[in-house]
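Biologist: Could you walk me through this model and tell me what stands behind each label? I'd like the cut-offs as well as the verdicts.

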Amino acid sequence: MSDHRQPPGDRLRPDVPHSARVWNYLLGGKDNYPADAEAGETILTAFPDIAGIARDQRAFLARAVAHLTADAGIRQFLDIGTGLPSADNTHEVAQRLAPEARIVYVDNDPLVLTHARALLTSTPEGACAYIDADVRDTGLILDQASRTLDLGRPVGLTLLGIMGQLPDSDDPWAVVARLIAALPAGSHLVLADGTDTSETLNHAIAAYNAHSANSYHLRSPARIARFFDGLELVEPGVVRTAHWRPDLGSAQEKEPSHAVSGVGRKA
């Protein structure tokens, strides 16, 4: 992850690949620089199915947010590691079902910050806000999020592809635990990350890490499932991303990607 203590302009570094921009390239977006495209192509050459992880995670986000809004009655979302705006952003999915929904986005990539206006197109009944912060700054995030969200009411916390950007030395499990501890009963964790279940993918990510400003850390499905410790898992549990409540009638054209996802409820 980039050094979040620097001003956004100093963090931009178009000559060095950044995860949000590389992810944007893999999704077919245009908000990236040649260095990001080159890093994306390096991964695609070594592991062509990497784009499937990106697509699966975006589709999972939409399904999970729709479930929390329609079935669990969640009306507030804290989306950390937002990434660049795409189709079906969290507020678009939630506010289609509940126009009064309130969403706070968090990211520390300066290019995401410049595009934040696309994430702030709230309905009149609801609200959207953006925080420029690193996921490890849990106190700052919660303090600023409380200006838009009522942290005394259930919140949907989404962490897609973000915890893999923290090495074990940063104890990402403790980061998630601190966020969950600050939320009331009835809140939900929505989390997805890439797995180390493909040797080819492992080599591709190692090549990416060697040239990127921020590294990605693949983990086993069991270690990713630990993020849900203490929570009640929503069926079907922590599973391969494409298998979490797939849309009825949707065709699975390829093998599910090497990523797992889950949703857990705080009792």
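Modeller: Let's begin at Gly28, just after helix α2, where phi is positive at about 85°. Keep in mind that this is a predicted model: local features need pLDDT of at least 70, side-chain atom pairs count only at pLDDT 80 or more, and totals for chains, interfaces and linings use all residues. Residues are numbered from 1 along each chain as its sequence is written, and side-chain values use heavy atoms, with hydrogens and water left out.

Biologist: What makes a stretch such as α2 a helix in your book?

Modeller: Helices are DSSP runs of H or I with at least four residues, strands are E runs with at least two, and both are numbered from the N terminus. By that count the protein has ten helices and eight strands.

Biologist: Why is the protein called as compact as a globular protein of its length?

Modeller: Its radius of gyration is 17 Å, close to the 18 Å that the globule rule gives for 267 residues, so the label fits. The radius is taken over C-alpha atoms, and the rule is 2.2 Å times the number of residues to the power 0.38. Along the principal axes, the C-alpha trace spans about 45 × 40 × 35 Å.

Biologist: Back to α2, then. Why is α2 described as largely enclosed?

Modeller: Because six of its eight residues are buried, α2 is largely enclosed by the rest of the structure. Buried means under 20% relative accessible area, exposed means over 50%, and partly exposed is in between (1.4 Å probe, protein chains only). The buried ones are Ser19, Ala20, Arg21, Val22, Asn24 and Leu26.

Biologist: What do the buried residues of α2 pack against?

Modeller: They pack against α3 (34–46), α4 (50–70), α6 and α9 (199–211). Contact here means heavy atoms within 4.5 Å.

Biologist: How do you know whether His18 is buried or exposed?

Modeller: Its relative accessible area is 2%, and the cut-off for buried is under 20%, so His18 is buried. His18 sits in the loop between α1 (8–11) and α2 (19–26). Tyr33 is 15 residues from His18 in sequence, with 9.4 Å between their C-alpha atoms.

Biologist: And what makes Val112 count as buried?

Modeller: Val112 has 0% relative accessibility, so it counts as buried. It belongs to helix α6 (residues 110–114). Not counting residues up to four places away in sequence, Val112 touches Ala20, Gly83, Leu84, Asp107 and Tyr130. Ala20 is also one of the buried residues of α2.

Biologist: Why is Ala66 called partly exposed?

Modeller: Ala66 comes out at 25% relative accessibility, so it counts as partly exposed. This residue is in helix α4. Leaving aside neighbours within four places in sequence, Ala66 is in contact with Asp71, Val93 and Leu97. Ala98 is 32 residues from Ala66 along the chain, and their C-alpha atoms are separated by 9.7 Å.

Biologist: How do you know where the buried residues of α8 sit around its axis?

Modeller: In α8 (residues 172–181), the buried residues are Pro172, Trp173, Val175, Val176, Leu179 and Ile180. They cover an arc of only 160° around the axis, so they are on the same side of α8. That arc is the one of the directions from the helix axis to the C-beta atoms. Their cover includes β1 (76–80), α7 (138–145), β4 (156–160), β5 (188–194) and α10 (221–225).

Biologist: Which phi value makes Asp171 worth pointing out?

Modeller: Asp171 has a positive phi of about 50° although it is not a glycine. It's in the loop between β4 and α8, and at 35% relative accessibility it counts as partly exposed.

Biologist: What about Arg245, and where is it found?

Modeller: Arg245 is in the loop between β7 and β8 (259–265). Its phi is positive too, about 45°, although it is not a glycine. With 36% relative accessibility, Arg245 counts as partly exposed.

Biologist: Which residues does the cis peptide bond join?

Modeller: Glu235 and Pro236, with omega about 10°. Pro236 lies in the loop between β6 (232–233) and β7 (239–240).

Biologist: Last one: how many of the protein's 267 residues are buried, as a percentage?

Modeller: Buried residues make up 53% of the 267.
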